[in-house]
Amino acid sequence: MADKTWRDRVRDGAYTSPDGERIRFQFEDVSRVTPLRTSVFSFAGVNNDYVQQNGFGSRTYPLRCYFSGPQCDLLASAFEVALLKPGIGKLEHPLYGDVRVVPVGDITRNDALRSAANQAVV
């Protein structure tokens, strides 16, 4: 295990919808966000603050998913439909492993037909 690097641990990205449809995607930079649930209390006449730890919130995994090739538009559309299905899906994250997820927020799609033809980004 000591001879492996982060490059060896990066794997394919995929999302499996709640009904079992698995769609692979390409990616570039990845990240995750973990909100900490803390409260900070300040008191007059006292230096420093009292910080109370209350666990953490739901992690989010913002992704830019790339689809390329002659079917890129259809693959991106299928991916969008998969994300819209209600229920818990499975994200095979390229770096952070398998995670049970519910997509949240806005889904944005970009088809740059002139500047980046043959590619769709969701």
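Asn 118 sits in the loop between β7 and β8 of this predicted model. Its phi angle is near 75 degrees, a positive value in a residue other than glycine. To see what makes that worth a look, recall a general rule: most residues other than glycine have a negative phi. Asn 118 is partly exposed, because its relative accessible area of 46% falls between the limits of 20% and 50%.

Another asparagine can be described in the same way. Asn 48 lies in the loop between β3 (36-41) and β4 (50-56). Its phi is near 70 degrees, again a positive value in a residue other than glycine. Asn 48 counts as exposed, since its relative accessibility of 68% is over 50%.

Back in the loop between β7 and β8, you can also find Asn 110. This residue touches Gln 119, Ala 120 and Val 121, leaving aside residues up to four places away in sequence. Asn 110 and Ser 68 are 42 residues apart along the chain, and their C-alpha atoms are separated by 12 Å.

**Following helix α2**

Now let us turn to the helix α2. How far apart are the end C-alpha atoms of α2, and does that value agree or disagree with the expected span? Helix α2 has 13 residues, from 72 to 84, and at 1.5 Å a residue it should span 18 Å. Its end C-alpha atoms are 19 Å apart, which agrees.

Which residues of α2 are buried? They are Cys 72, Ala 76, Phe 79, Ala 82 and Leu 83. These residues cover an arc of only 120 degrees around the axis, which puts them on the same side of α2. A general rule helps here: an α-helix has 3.6 residues a turn, so residues three or four places apart point the same way. The face turned away from the buried side of α2 carries the exposed residues Leu 74 and Leu 84.

The buried residues of α2 are covered by elements that include β1 (13-16), β2 (22-25), β5 (66-68) and β8 (119-121). One contact of Ala 82 can be traced to a loop: Ser 17 touches Ala 82, as well as Lys 85 and Gly 89, not counting residues up to four places away in sequence. Ser 17 lies in the loop between β1 and β2. Is Ser 17 buried or exposed? Its relative accessibility is 4%, so Ser 17 counts as buried.

**Two glutamines**

Gln 71 is found in the loop between β5 and α2. Gln 71 and Val 51 are 20 residues apart in sequence, yet 52 Å apart in space, C-alpha to C-alpha.

Gln 52 belongs to strand β4. Its contacts are Arg 37, Thr 38, Ser 39 and Phe 41, not counting residues up to four places away in sequence. The C-alpha atoms of Gln 52 and Ser 77 are separated by 45 Å, with the two residues 25 places apart along the chain.

Here are accessibility values for some of the residues in this report.

| Residue | Relative accessibility | Class |
|---|---|---|
| Asn 110 | 43% | partly exposed |
| Gln 52 | 32% | partly exposed |
| Gln 71 | 43% | partly exposed |

**The largest pocket**

Finally, take a look at the space in the model. The largest pocket holds about 690 Å³. Of the 26 residues that line this pocket, the closest to its centre are Tyr 61, Pro 62, Leu 63, Pro 103 and Val 104.

Which element supplies the largest share of the lining of the largest pocket? That is β7, with three residues. Both α2 and β7 (97-101) supply at least two residues each. What classes of residue make up the lining? There are 18 nonpolar, four polar and four charged residues.

Notes:
Residues are numbered from 1 along each chain as its sequence is written. This is a predicted model: local features need pLDDT of at least 70, side-chain atom pairs count only at pLDDT 80 or more; totals for chains, interfaces and linings use all residues. Side-chain values use heavy atoms; hydrogens and water are left out. Helices (H or I, at least four residues) and strands (E, at least two) are DSSP runs, numbered from the N terminus. The expected span of a helix is 1.5 Å times one less than its number of residues. Buried means under 20% relative accessible area, exposed over 50%, partly exposed in between (1.4 Å probe, protein chains only). The arc is that of the directions from the helix axis to the C-beta atoms. Contact means heavy atoms within 4.5 Å. On a 1 Å grid over the protein atoms alone, a cavity is a set of points where a 1.4 Å probe fits but cannot get out, and a pocket is an open set with protein on both sides within 12 Å along at least five of seven lines; lining residues have an atom within 4 Å of a point. Grid points are joined across faces, edges and corners, and a volume is the space filled by probe spheres set on the points. Ala, Val, Leu, Ile, Met, Phe, Trp, Tyr, Cys and Pro count as nonpolar, Asp, Glu, Lys and Arg as charged, and the others, Gly among them, as polar.
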